[in-house]
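Grab a coffee and work through these exercises with the structure open beside you. Try each task before you read its solution.

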Amino acid sequence: AVVSTQSNSLKYEWDVSNFEQLEPDRPQFYGSKTRKNPITEEEEWYYPFYRMYLKIAFSVVTIFFMVLLVVASTLGVIVFRAAFNAGNYIVPVSNTSTPAEQQAQKDSNAFYTSILSSVLNAVAIMLLGFIYEKLAYMLTNWENHRTQTDYDDALIIKLFAFQFVNNYASLIYIAFFKEEASEKGIFKDSWKDTCGYTDSAGNPSCYPMLVMQVAVLMIAKPMPKFFKDVVIPFLLTLYYNFKKTQNGDNVEAVNAGPQKTKELIDIIEEDRALIAGDTDFTLSEYTEKCIMYGIIMLFGAVFPLAPLIALICNMVDVRVDGYRILWKNRRYIAQRAEDIGIWQYILEFLNMIGVVVNSLILAFTLKNNGSILYQNSDINHDYDKWMIAFAFEHVCFALKFIVSYIIPDVPSDVQFKMRKEQFQVNQLFEKGPSALKKENGEPNPVV
């Protein structure tokens, strides 16, 4: 509600309320047939409706296949870890060793297996991410969207669908499925993906692992961007400065003259030496912020410090982005937009799915970890747990809808300005052009 209110305020202030209705065509858009425009009554090129939606349907199938491929790679890593832990393939357990030595060998095998599975998972994620990003751009270009807004929305959906599964699949597995895999095994009873922790009753508990995984993801997630935005530009600046000092004598010899201060190096060449910025700065920024927001919404009950870490990261990120935009990158080309586009619906989706996930975590994941709901209670049946999740989810949704109803989408001052503007336009139409000229002090033309 707050995002929508702020968006509508800025939309009116920047006079882009009808931008999407009047948005020009993309230069890359091409039409295959001609028709008469119903508004201007001029011939125009257009792309048939059915052909575009056939392409979109093919893109949806391709995206679904890639998402399933990501899930399959994650499950493959899980099965690999469970099978190698059961078989002790990396560090064999000797039958002639003492029980203490055998336990040490098993622990070493589990440690090296965990490292190897993590490396395989990281390689699979990076490889699939690289392929999917290229594929997403190819499919979006192939769909031939007419306006830049439609193109951006289609591309954002493709990229976020992959990022959603890529970032949250392992967390959801640990929260809801790993305890069962630790008890019953995967495919075989001996292939157990252990949690590494037990509760007071001796049952496996994956809650500490989930907390650690969320904490590591929240802290490590901004690191690649920090390396890209700070470390790489810093190293490139050192390289350019070193190269400039190496060629300084030759430049001064050629441009020797009375004025050698600013004329030695052309300002245009200095700007050209700056780092070229991303082609779409907002796409990467919105994706990063929404992924972090999703972690807070989906797993905030598990790791309450997540909002504080996100706040600190965003405060640092604002300064880093401001510094590199002003001093290290070439000037970005501003693009007009009516609002934040489909990101508004993605945020709403994360809010809805976050309520559901937190309800299930409260009912199932926290059952053996001192939750207030399970203290001095006899909640042992799945039916009771589902009722807890159902009640918590309905209460949260009710509060969400109440807050959304209280906070208007369009602020009252903006509504007043819009009504006043519409009234003034109606008055001008009623008075006609002669009255408008009279109010402005212009003489009426003499016939």
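**Exercise 1.** Are Lys11 and Glu338 buried or exposed?

Before solving, some ground rules. This is a predicted model, where local features need pLDDT of at least 70, side-chain atom pairs count only at pLDDT 80 or more, and totals for chains, interfaces and linings use all residues. Residues are numbered from 1 along each chain as its sequence is written, and side-chain values use heavy atoms, with hydrogens and water left out.

*Solution.*
- Step 1: fix the scale. Buried is under 20% relative accessible area, exposed is over 50%, and partly exposed is in between (1.4 Å probe, protein chains only).
- Step 2: apply it. Lys11 is buried, and Glu338 is buried too.
- Step 3: look at how they meet. Their side chains form a salt bridge at 3.7 Å, N to O; the term asks for a side-chain nitrogen of Lys or Arg within 4 Å of a carboxyl oxygen of Asp or Glu.
- Step 4: place the partners. Lys11 sits in helix H1 (residues 2-13) and Glu338 in the loop between helix H11 (306-328) and helix H12 (343-363), so the pair ties together parts that are 327 residues apart in sequence. Helices (H or I, at least four residues) and strands (E, at least two) are DSSP runs, numbered from the N terminus.

**Exercise 2.** Which residues are linked with Asp25 in a network of salt bridges?

*Solution.*
- Step 1: start with one pair. Asp25 and Arg146 meet through their side chains in a salt bridge of 3.0 Å, N to O.
- Step 2: locate them. Asp25 is in the loop between H1 and strand E1 (33-36), Arg146 in the loop between H3 and H4, so this pair bridges parts 121 residues apart in sequence.
- Step 3: check exposure. Asp25 is partly exposed at 39% relative accessible area, and Arg146 is partly exposed at 23%.
- Step 4: widen the view. The network links Asp25, Arg35, Glu44 and Arg146. Across the whole structure, a search finds nine salt bridges.

**Exercise 3.** What is in the loop between helix H3 (99-143) and helix H4 (148-176), and what does Thr147 touch?

*Solution.*
- Step 1: Thr147 lies in that loop, and it is buried at 10% relative accessible area.
- Step 2: skip its neighbours within four places in sequence, and Thr147 is in contact (heavy atoms within 4.5 Å) with Glu23, Pro24 and Arg26.
- Step 3: Asn144 lies in this loop as well. Asn144 is buried at 1% and has a positive phi of about 60 degrees although it is not a glycine. Most residues other than glycine have a negative phi.
- Step 4: now the flanking helices. Glu143 of H3 and Lys158 of H4 are 15 residues apart in sequence, and they form a salt bridge with the closest N and O atoms 3.0 Å apart. Glu143 is buried at 2%, and Lys158 is buried at 4%.

**Exercise 4.** Which residues make the contact of H1 with helix H14 (residues 412-431)?

*Solution.*
- Step 1: the axes come within 10 Å and cross at roughly 35 degrees. Axes are lines fitted to C-alpha atoms, for helices over the stretch in contact, with angles from 0 to 180 degrees between N-to-C directions.
- Step 2: H1 contributes Asn8, Ser9 and Tyr12, while H14 contributes Val414, Lys417, Met418 and Glu421.
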